[in-house]
Amino acid sequence: MNICIKSNIRRMLLFFIMTLALLCKSKTEKYTWYTPREVIANIDMLEPGDILILSKRPTLRSMWGHAAVLNEHKKVVEFPSYSAGYSESPLYAWRNIKRKVAIFRLKGIDKKFKTALFKEIDDTITKPYGLTFHKNFDKRLYCSQFVYLVFKKAGEKVGREINLDSNGGGWVMPFDIMDSPLLENISLY
């Protein structure tokens with residue numbers, strides 16, 4: 001390969017990386033983010049059924065962000081990794097996480113929906129973690145797919161269409177959920 005072609009490839013790659021970084025940064029800035037300790041200190045402002053999204057980090061494991069939901073006891077329910085699968089822990093277990101947290105709530109969420117949601121969450125306890133080829137495949141779950149599916153299935157149970165995937169792709173990522181028009185970003189102050 002001659003030097004001119006190598007140089008053009010480097011420029012295009014740099015342009016792609018810079019564009020991607022700007023897109024990720026602009027999405028982050030349109031939401032209200034908190035430290036885990038701020039969220040814990042304001043737990044009284046959280047409601048069961050709230051969705052917690054962790055910010056992205058430049059590592060393979062956290063480059064997509066992370067999604068979890070609060071159950072009826074305000075415990076964090078999530079699918080954090082292959083080794084953990086389904087996990088339920090008190091919110092204070094997140095106190096030392098070195099990422100920001102954004103909080104989202106389904107618009108018009110009511111007691112009937114929450115009851116159906118918590119039933120759907122309970123039905124996932126035995127499912128393993130896994131990356132799947134389509135967001136509606138529910139034999140193995142990853143973090144944001146879990147949140148997407150429990151809200152979707154709870155909606156079906158109460159006669160409400162809940163699709164939290166804002167871009168409609170085959171996968172659903174945490175930041176796809178954040179952009180859902182069905183959710184509101186919760187402010188703690």
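1. In this predicted model, strands β1 (residues 51-54) and β5 (residues 101-106) pair in the antiparallel sense, and four bridges join them. One of the residue contacts in this pairing can be named: Leu 54 has Val 101 of β5 as its bridge partner.

2. The β1-β5 pair belongs to an open sheet of six strands, in the order β4-β3-β2-β1-β5-β6, with antiparallel pairing. Strands β4 (87-90) and β6 (183-185) stand at the edges; each has a single partner strand, so one side of each is left without a neighbour in the sheet. On average, neighbouring strands of this sheet are turned by 30 degrees against each other, with direction ignored.

3. Which strands does helix α4 lie across? Helix α4 (residues 143-157) lies across β1, β2 (66-70), β3 (75-78) and β5. Relative to β2, the helix runs at about 40 degrees.

4. Helix α3 (residues 111-122) has the span expected of its length. At 1.5 Å a residue, its twelve residues should span 16 Å, and the C-alpha atoms at its ends are 16 Å apart, which agrees.

5. Several residues of α3 are buried, namely Phe 113, Lys 114, Ala 116, Leu 117, Phe 118, Glu 120 and Ile 121. The list includes the charged residues Lys 114 and Glu 120 alongside Phe 113 and Phe 118. The elements that cover the buried residues of α3 include β2, β3, β5 and α4. Helix α4 therefore appears in two settings: it lies across strands of the sheet, and it is among the elements covering α3.

6. Two positively charged side chains are placed over aromatic rings. Arg 160 lies over the face of Phe 113, at 5.8 Å from the ring centre; Phe 113 is also one of the buried residues of α3. The charged end of Lys 56 sits over the ring of Phe 175, 4.4 Å from its centre.

7. As for contacts between aromatic rings, the count comes to seven aromatic pairs. One aromatic cluster is formed by Phe 79, Tyr 86 and Phe 146.

8. Is Ser 180 buried or exposed? Ser 180 is buried, because its relative accessible area of 3% falls under the 20% limit. Its place is in the loop between α5 (174-178) and β6, the latter being one of the edge strands of the sheet. Leaving aside residues up to four places away in sequence, Ser 180 touches Asn 163, Leu 164 and Ser 166.

Conventions:
Residues are numbered from 1 along each chain as its sequence is written. This is a predicted model: local features need pLDDT of at least 70, side-chain atom pairs count only at pLDDT 80 or more; totals for chains, interfaces and linings use all residues. Side-chain values use heavy atoms; hydrogens and water are left out. Rings of Phe, Tyr and Trp (its six-membered ring) pair if their centres lie within 6.5 Å; planes under 30 degrees apart count as stacked, over 60 as edge-to-face and the rest as tilted. A charge sits over a ring if NZ of Lys or CZ of Arg is within 6 Å of the ring centre and within 35 degrees of the ring normal. Two strands pair if DSSP finds at least two bridges between them. Axes are lines fitted to C-alpha atoms, for helices over the stretch in contact, and angles run from 0 to 180 degrees between N-to-C directions. Contact means heavy atoms within 4.5 Å. The expected span of a helix is 1.5 Å times one less than its number of residues. Buried means under 20% relative accessible area, exposed over 50%, partly exposed in between (1.4 Å probe, protein chains only).
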